[in-house]
Amino acid sequence: MDREAGAHHQAAPGHGEMEAAHEHEHGHRKRRVPRIRERQRRKSTGLVWAMVILCTLLAIGVIVAGATVFAVYLLYKPKMPYLLVSDARLERLEYGQSGTMLDLQLALTIQAENTNSKTDATFSGVSLVVGFHGADVALLRAGTFSVARRSAVPLRYQVVSVGRQLSPDGMQYMDGALRAGVVPLDLFGKARTTWKVGIFASLQFWTRISCRFLFNYPGNGTAMPVDCRSKSP
């Protein structure tokens, strides 16, 4: 009995030591978990602040860019260059009974206008058509050229068209026009305009023209007044 009690008394301290070691290890794990969470919290906070700073910088950049564009606009006040027909005269029209334009001669002056006060403009790809009732009578072109600020460059065309055959509908339309003494001719086409705004910005737009001229013919061949100028989108 005493030996068993002694053996039991000796075994008891070993079991207590195991419980103490287990509690010590469990307490150590409890202290380790908060440290990991604290590190994750600091890392998340750092990412949030980085995103806040980045968004702030982007917002400042957008504001500065917008203010710069607005300031450049106020300084340069850019205006679209355009084409303007300043003179048109039907000098000759011979029309055969077979529906053929035997000879058409048209004097046409088109001004390439640049009303900008601080920058030159360039015109390119000028392509214009003279037409009658849906039929192309003549094609007008011009190479690339520059127009100084607040100035204009005249494009003078001496249009000659020979042997243009009209459709039956066009023949009736021409007969009626000659009887009325008013011959309509259409002008339509486009040109590319380029000009700079500030140091870096370069603007390009197509300017398009579409007009109808009513010529006193037979008569002096002058055109009735019309504001014929191109427009940009």
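In the predicted model, the side chains of Glu 94 and Arg 92 meet in a salt bridge, with an N to O distance of 1.9 Å. Arg 92 also forms a salt bridge with Asp 103, where the closest N and O atoms are 2.9 Å apart. This second pair links distant parts of the chain, since Arg 92 belongs to strand 1 and Asp 103 to strand 2, eleven residues apart. Arg 92, Glu 94 and Asp 103 are thereby linked in a network of salt bridges. Accessibility within the network varies by residue: Glu 94 is partly exposed at 30% relative accessibility, Arg 92 is partly exposed at 35%, and Asp 103 is buried, with a relative accessible area of 13%.

The strands that carry this network run antiparallel, and twelve bridges join strand 1 (residues 82–95) to strand 2 (residues 100–114). Within the pairing, Ala 88 stands opposite Leu 108 of strand 2. Four residues lie between the strands of this hairpin, and Gly 99 takes a positive phi near 90° there.

Across the whole structure, five salt bridges are found. Among them is the pair of Arg 149 and Asp 120, whose side chains meet at 3.5 Å, N to O. Distant parts of the chain are linked by this pair: Arg 149 is in the loop between strand 5 (145–147) and strand 6 (151–161), whereas Asp 120 is in the loop between strand 2 and strand 3 (121–132), 29 residues apart. Both side chains belong to partly exposed residues, with a relative accessible area of 43% for Arg 149 and 40% for Asp 120.

The disulfide count comes to one. Cys 211 and Cys 228 form this disulfide, with their sulfur atoms 2.0 Å apart. The link of Cys 211 and Cys 228 is right-handed, with 100° about the S-S bond. Because Cys 211 lies in strand 9 (residues 201–216) and Cys 228 in the segment after strand 9, the pair ties together parts that are 17 residues apart in sequence. Cys 211 is buried at a relative accessible area of 11%, and Cys 228 is buried at 0%. Cys 55, in turn, is partly exposed, with a relative accessible area of 46%.

Ala 135 is located in strand 4 (residues 135–142) and is buried, its relative accessible area being 12%. Leaving aside residues up to four places away in sequence, Ala 135 touches Val 130, Arg 164 and Leu 166. Ala 135 and Gln 165 are separated by 30 residues in sequence and by 8.9 Å in space, C-alpha to C-alpha.

Definitions and conventions:
Residues numbered from 1 in each chain as written. Predicted model: local features only at pLDDT ≥ 70, side-chain atom pairs only at ≥ 80, totals over all residues. Heavy atoms only, no water. Disulfide = S-S within 2.5 Å. Helix = DSSP H or I, 4+ residues; strand = E, 2+ residues; numbered from the N terminus. Buried < 20%, exposed > 50% of the residue type's maximum accessible area, 1.4 Å probe, protein only. Pairing = 2+ DSSP bridges. Contact = heavy atoms within 4.5 Å. Salt bridge = Lys/Arg side-chain N within 4 Å of Asp/Glu carboxyl O.
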